[in-house]
Amino acid sequence: MGFSVTHLLVVLAIVIVVFGTKRLRNIGTDLGGAIKGFRAAVADGGEDKPVADKGEAIEGEVILKNDKV
């Protein structure tokens, strides 16, 4: 059971009537910007150092291997 071109055109027409072309254009622009930002973050992700290497304090309890609970 596949969709024909006619079915897709009817669905597209209904979406345009419900949302309007301006809102669909804004959604497309926002989605494109989000994808572009995601790709940039993935490309730059390998260059980041972990927080502990930056010398920042991390709150928590240190448990040594020799300590018995």
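Helices (H or I, at least four residues) and strands (E, at least two) are taken here as DSSP runs, numbered from the N terminus. The model is predicted, so that local features need pLDDT of at least 70 and side-chain atom pairs count only at pLDDT 80 or more, while totals for chains, interfaces and linings use all residues. Residues are numbered from 1 along each chain as its sequence is written, and side-chain values use heavy atoms, with hydrogens and water left out.

Begin with the whole chain, whose secondary structure comes to two helices and zero strands. Its accessible surface (Shrake-Rupley method, 1.4 Å probe; for residues, only the protein chains shown count as cover) is about 7000 Å², and 63% of that belongs to carbon and sulfur atoms. Of the 69 residues, 0% count as buried, where buried means under 20% relative accessible area, exposed over 50%, and partly exposed in between.

Next, select H1 (residues 5-19) and find Leu-12 in this helix; Leu-12 is partly exposed, at a relative accessible area of 46%. Adding Val-5, Leu-9 and Ile-16 to Leu-12 shows a nonpolar surface patch with about 370 Å² of accessible area together. Such patches consist of residues with over 30% relative accessible area and no salt bridge (a side-chain nitrogen of Lys or Arg within 4 Å of a carboxyl oxygen of Asp or Glu), nonpolar side chains (Val, Leu, Ile, Met, Phe, Trp, Tyr) being joined within 5 Å and like charges within 9 Å.

Then display helix H2 (residues 21-44), which packs against H1 at an angle of about 100°, the axes lying 6 Å apart. Val-15, Ile-16 and Phe-19 of H1 make the contact with Thr-21, Arg-23 and Leu-24 of H2, contact meaning heavy atoms within 4.5 Å.

Finally, centre on Val-15 in H1, which is partly exposed with a relative accessible area of 28%.

Terms used
Buried < 20%, exposed > 50% of the residue type's maximum accessible area, 1.4 Å probe, protein only. Axes fitted to C-alpha atoms, helices over the stretch in contact; angles between N-to-C directions.
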